[in-house]
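Subject: Structure for your review

Dear colleague,

Please find below a structure that I should like to hand over to you. I would be grateful if you could read it alongside the notes that come after it.

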Amino acid sequence: MQKQRVAIFASGTGSNAVNLIHYFKNHSEIEVVFVMSNKEDAKVLQSAKNLDVATFFLPNQQVANAEPLLDLCKEHQVDWIILAGYLRLIPSKLITFYQDKMINLHPALLPNYGGKGMYGSNVHKAVIANNENESGITIHFVNQEFDKGRIIAQFRCEIKEGDGVIELEQKIRYLEQSYLPIVVEKTILREEKRKL
Ligand code: GRF
């Protein structure tokens, strides 16, 4: 079977992108073909290059227009897109083209703490401000409604008294590092098997 070709979109540090690249290196059925960022100076681009993965920078206007990004994905025969810390709205044309083939990582337990403005540390700040006693991560398909696509998996962590944004962020990163690659792998392999 031909390997499933994965593109990762990321805007920042890229710890999740790097983790995915490591996980799928030498994988028999899945490969990461490129990393795309909407930020020219995003650390993720250099990290991916260091790991011999192709990288592309597309400024926000080009992303918003959909065609350049869609063309890039088609040109590289991308089967799946993973949004790993990608902080920009995905154009609806791309979502339609990659229906049930685009997976997002959200650093909270959706449907709570999702939607407009809920990204990066804003999410953790809101969770802490509300005195929640737990948070977690949600891995979900992307649909036309921001943060409302079908949930694939959620993982929880406890928020202890005295935990602030920094402590919560560490717990969330631990969950992301532990679970994102395996959930992506299982989802892709399950969907591909279903098609046979
Ligand atoms: C992660 O917490 C992710 O869930 C959120 O942004 C962060 C990105 O981290 N959407 P990194 O760029 O993968 O290090």
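The notes below describe some strands first and then a pair of helices.

Please bear in mind that this is a predicted model.

Strands

A useful starting point is strand S4, which covers residues 80-83. Its side chains point two ways: Trp80 and Ile82 lie on one side, while Ile81 and Leu83 point the other way. All of these residues are buried.

Strand S4 has strand partners as well. Strand S1 (residues 4-9) pairs with S4 in the parallel sense, over 4 bridges. Within this pairing, Val6 of S1 has Trp80 as its bridge partner in S4. Strand S5 (residues 102-106) also runs parallel to S4, and 3 bridges join the two. Here Ile81 has Met102 in S5 as its bridge partner. To get from S4 to S5, the chain passes through helix H5 (residues 92-97), and this β-α-β crossover is right-handed.

Helices

How do helix H1 and helix H7 pack, and at what angle? Helix H1 (residues 15-24) packs against helix H7 (residues 165-195) at an angle of about 45°, and their axes are 10 Å apart. Because of this angle, H1 is oblique to H7. Their crossing is right-handed.

Several residues form this contact. From H1 they include Asn19, Leu20 and Tyr23, and from H7 they include Gln177, Leu180 and Val184.

Yours sincerely,
A colleague

Methods
Residues are numbered from 1 along each chain as its sequence is written. This is a predicted model: local features need pLDDT of at least 70, side-chain atom pairs count only at pLDDT 80 or more; totals for chains, interfaces and linings use all residues. Side-chain values use heavy atoms; hydrogens and water are left out. Buried means under 20% relative accessible area, exposed over 50%, partly exposed in between (1.4 Å probe, protein chains only). Two strands pair if DSSP finds at least two bridges between them. A crossover is right-handed if, with the strands pointing away from the viewer, the path from the first strand over the helix to the second runs clockwise. Axes are lines fitted to C-alpha atoms, for helices over the stretch in contact, and angles run from 0 to 180 degrees between N-to-C directions. Angles under 35 degrees count as roughly parallel, over 145 as roughly antiparallel, 65 to 115 as roughly perpendicular and the rest as oblique. A crossing is left-handed if the near helix is turned anticlockwise from the far one by less than a right angle, and right-handed if clockwise. Contact means heavy atoms within 4.5 Å.
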